[in-house]
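Dear colleague,

Please find below the structure that I am handing over to you. My notes on what was found in it follow directly after.

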Amino acid sequence: MNARSRIDPAVAPICASTHEIVETLLRVVAGAFFVIHGFGKITDPFGSVQMVEGLGFYPGVFWSPLLAATEFSGGILFPIGLFARPVAIAATIVLLVASYFHWVTLDQGFSGAEKALLWAAVTVYFASRSGNAHSVDARLKKPFDKRRGINLPPPCRRRRGYSPAPSCSCTCAVLFLAFLPVFHSEPQMRVAIIENSRITHAGQVGVALTEARAEVTVIRAYSGEALPGPGDHDALVVFGGEQNALDDDRHPYLPCLANLMHTYGEAGKPVLGICLGSQLLARAYGAQNRIGIAPEFGWRAIERTKAAESDPVLSAVPEQFWSFQWHDDTFDLPASAVHLAENADVRHQAFRVGRAAYGFQFHFEASRAVVANWSREFPDMIERKEPGWLTRHPELAERHGALSDEAGLALARAWVRLINP
């Protein structure tokens, strides 16, 4: 008699009475997980928008609510065992997509996808088993089974010599593992993102913030939403827009935003200004904005300065790297700034003030997916800016896009590492 046959008869009665209870408890825990995550995506959709856009699904504001609704509604139906199998299959798809995003798109490997894969194992388990005797599905199915003359015995007695011990042990082990993420928590960095245009993509910056599990608050300043207070967040991101940095008459919040960037910078909190954001940062520190004298568009080569070799952010990229440009304006460097990047067309491409206040004239956040979306959203504007560029876009994206994406993500990750929660 082998070890399994000696053990199984001893534990079989216990497993027979507890297996379905443990399985139901696992279903409740899984449901709570999905409700919490779905509600989080509904109330703060930044992470899920980054995920779906990172996978090439635009617009993220459309796909993200569908993802959130799937998780939230599935989390409600799962504990009571209603439509358990379809819900488990849908949840498995969502979790596998999330795993792919973390493993491949974010290049985090297994360490980034482990939690999603763990819960995917739970949902696969229920997709194969459906509900048990304690589920609504089983109760709804019972009258139909009786009508068809089906009267199956309990699962533990279906075949001679069968012991539920392995199945019960497996369920208990998965339940134990499901609780592990609850006990693992890290302090979250709080980051405010200021949007200055209706169509704004966090792109590579969003990817890096998602990797760091940052708590992100998006403020649509262009539509009149109030700017955050100086102590509300650990870092500040200011993206670009159609307006220039001196356009106070049409956008009266711009002076207040420049002052806020200065306040964060002087407090040693990381500030990231991109395009218009870099011009506002220069303004905040007393430099002159130069309007309409420095047009650039498309993927361009950029060189680091000597000072960038020891900079914690710019040292993350090679001496020459590629990034996407879309601007007409430039700026003088603030007196206290460190000049970090330049190219032949526009000398002031990047600078730092103080510990971690960075201005980038180029759009390193713009991945190939973001640029492709801009091409669909602004074809007339692009044609006026660079005639014929849309026709050449696929070739240019293949030639320079991957290098730009690599440099952009390296810069984003390096800047995010400066944030102290």
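In which loop does C275 lie? This residue of the predicted model is placed between strand β4 (271-274) and helix α10 (276-284). Its backbone deserves a remark, since C275 is a residue other than glycine and nevertheless has a positive phi, near 60 degrees. With a relative accessible area of 5%, C275 is buried, because the cut-off for that class is under 20%.

The helix that follows C275 is also well covered. Eight of the nine residues of α10 are buried, so the rest of the structure largely encloses this helix. The buried residues are L276, G277, S278, Q279, L280, L281, A282 and A284. Just after α10 comes G286, which has a positive phi of about 85 degrees.

A second residue with a positive phi that is not a glycine is R213, at about 55 degrees. R213 is found in the loop that runs between α8 (203-211) and β2 (215-220). Is R213 buried, partly exposed or exposed? Its relative accessibility is 47%, and R213 is therefore partly exposed, as that class covers values between 20% and 50%. C275, by contrast, is buried.

I would also draw your attention to H339, a residue of strand β9 (residues 337-342). H339 has a relative accessible area of 14% and is therefore buried, the cut-off being under 20%. Which backbone atom lies 3.0 Å from a polar atom of the side chain of H339? It is the backbone oxygen of R347. R347 also appears among the residues in contact with H339 when neighbours within four places in sequence are left aside; the others are T305, A307, L333, H348, Q349 and A350.

Finally, some values for the protein chain as a whole. Its secondary structure comprises 13 helices and 11 strands. The chain has 421 residues, of which 50% count as buried. Its accessible surface comes to about 20,200 Å², and carbon and sulfur atoms account for 59% of that area. Among contacts with a separation of 6 or more, 75% are between residues 24 or more positions apart.

With kind regards

Methods: Residues are numbered from 1 along each chain as its sequence is written. This is a predicted model: local features need pLDDT of at least 70, side-chain atom pairs count only at pLDDT 80 or more; totals for chains, interfaces and linings use all residues. Side-chain values use heavy atoms; hydrogens and water are left out. Helices (H or I, at least four residues) and strands (E, at least two) are DSSP runs, numbered from the N terminus. Buried means under 20% relative accessible area, exposed over 50%, partly exposed in between (1.4 Å probe, protein chains only). Contact means heavy atoms within 4.5 Å. Accessible areas come from the Shrake-Rupley method with a 1.4 Å probe; for residues, only the protein chains shown count as cover. A polar contact is a pair of N or O atoms within 3.5 Å; within protein, one must be able to donate a hydrogen and the other to accept it, and residues adjacent in sequence count only if both atoms are side-chain atoms.
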